[in-house]
Amino acid sequence: GLAGDGDQEVPMTVGPDGTIYVKRDGGPLYALTDTGAGFSIKWTSSVGLVFYSGHMGVGVDGSVYIADGAQLARLDPATGDELDRSANLVSTSTLNPRFVIDPAGTLFVGNGGSNDGRLFSLAPDLTENWSVLVPGLTRGGPAMGRFGTLVIAGRDFELMAFRSDGTDVVDATPAPFGLSVWP
């Protein structure tokens, strides 16, 4: 039994070393090790100790990314200590991120903001590369396609796709191409 809300609404993830990361609404983040006979707690962190914190993820170096208020935090996978923190990624609500991480470690983060929905490109240390407005971005998030094509949608079925070289949008300028509005 883990502290927090009894139903598992926050997606779990597994690191490259097999560590299982679990967070329940209102509870701490747990790093668990599968012993073969059960699970042991490797560490816990109070970062992200809010009722709902959206998705979390693991970077190419094993770093753990989790929302904390209006910011994203990067945690050490061995200890749970905070390594880095982003600037505020949302201004009208709590950050409810959905993100993908490319092979170079760049994070593409949808902030879950309805009125201030944005897609961010963040370096592994959570410094901002660029961002672009995505109106009505409440539950969706970015998807990484073949050859680094990044796709995201907001309200009214508006889809945006970006060319990416695997680390950032080509020419470091977020410019939608193939924008389509469906009836």
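**Exercise 1. Count the aromatic pairs and describe each one.**

The count comes to 2 aromatic pairs. The rule: ring centres of Phe, Tyr and Trp (its six-membered ring) lie within 6.5 Å, with planes under 30 degrees apart called stacked, over 60 edge-to-face and the rest tilted. This is a predicted model, where local features need pLDDT of at least 70 and side-chain atom pairs count only at pLDDT 80 or more, while totals for chains, interfaces and linings use all residues. Residues are numbered from 1 along each chain as its sequence is written, and side-chain values use heavy atoms, leaving out hydrogens and water.

Step 1. Take Tyr 21 and Trp 43. Their centres are 5.9 Å apart and their planes make 45°, a tilted pair. Tyr 21 sits in strand β2 (residues 20–23) and Trp 43 in strand β4 (residues 39–45), so the pair ties together parts 22 residues apart in sequence. Strands here are DSSP runs of E, at least two residues, numbered from the N terminus. Both Tyr 21 and Trp 43 are buried (under 20% relative accessible area; exposed is over 50%, partly exposed in between; 1.4 Å probe, protein chains only).

Step 2. Take Phe 108 and Trp 130. This pair is tilted too, at 6.3 Å centre to centre and 45° between the planes. Phe 108 belongs to β10 and Trp 130 to β12 (residues 128–133), so parts 22 residues apart in sequence are tied together. Phe 108 is buried at 0% relative accessible area. Trp 130 is buried at 4%.

**Exercise 2. Find the residues that touch the most other members of the largest nonpolar core.**

Step 1. Define the core: buried Ala, Val, Leu, Ile, Met, Phe, Trp, Tyr and Cys residues joined through side-chain atoms within 4.5 Å.

Step 2. Of its 13 residues, Leu 72, Leu 89, Leu 107, Val 109 and Leu 122 touch the most other members. Two or more residues come from each of β6 (64–68), β10 (107–110) and β11 (118–122).

Step 3. Check Leu 122. Its contacts (heavy atoms within 4.5 Å) include Leu 72, Leu 89, Leu 107 and Val 109, not counting residues up to four places away in sequence.

**Exercise 3. Describe the hairpin of β13 and β14.**

Step 1. Strand β13 (residues 143–144) runs antiparallel to β14, joined by 2 bridges. Pairing requires at least two DSSP bridges.

Step 2. Met 144 stands opposite Leu 150. The hairpin has 5 residues between its strands, and Phe 147 in the turn has a positive phi of about 60°.

Step 3. Follow β14 (residues 150–153). Leu 150 and Ile 152 point to one face and are buried; Val 151 and Ala 153 point to the other and are not.

Terms used. Helix = DSSP H or I, 4+ residues; strand = E, 2+ residues; numbered from the N terminus.
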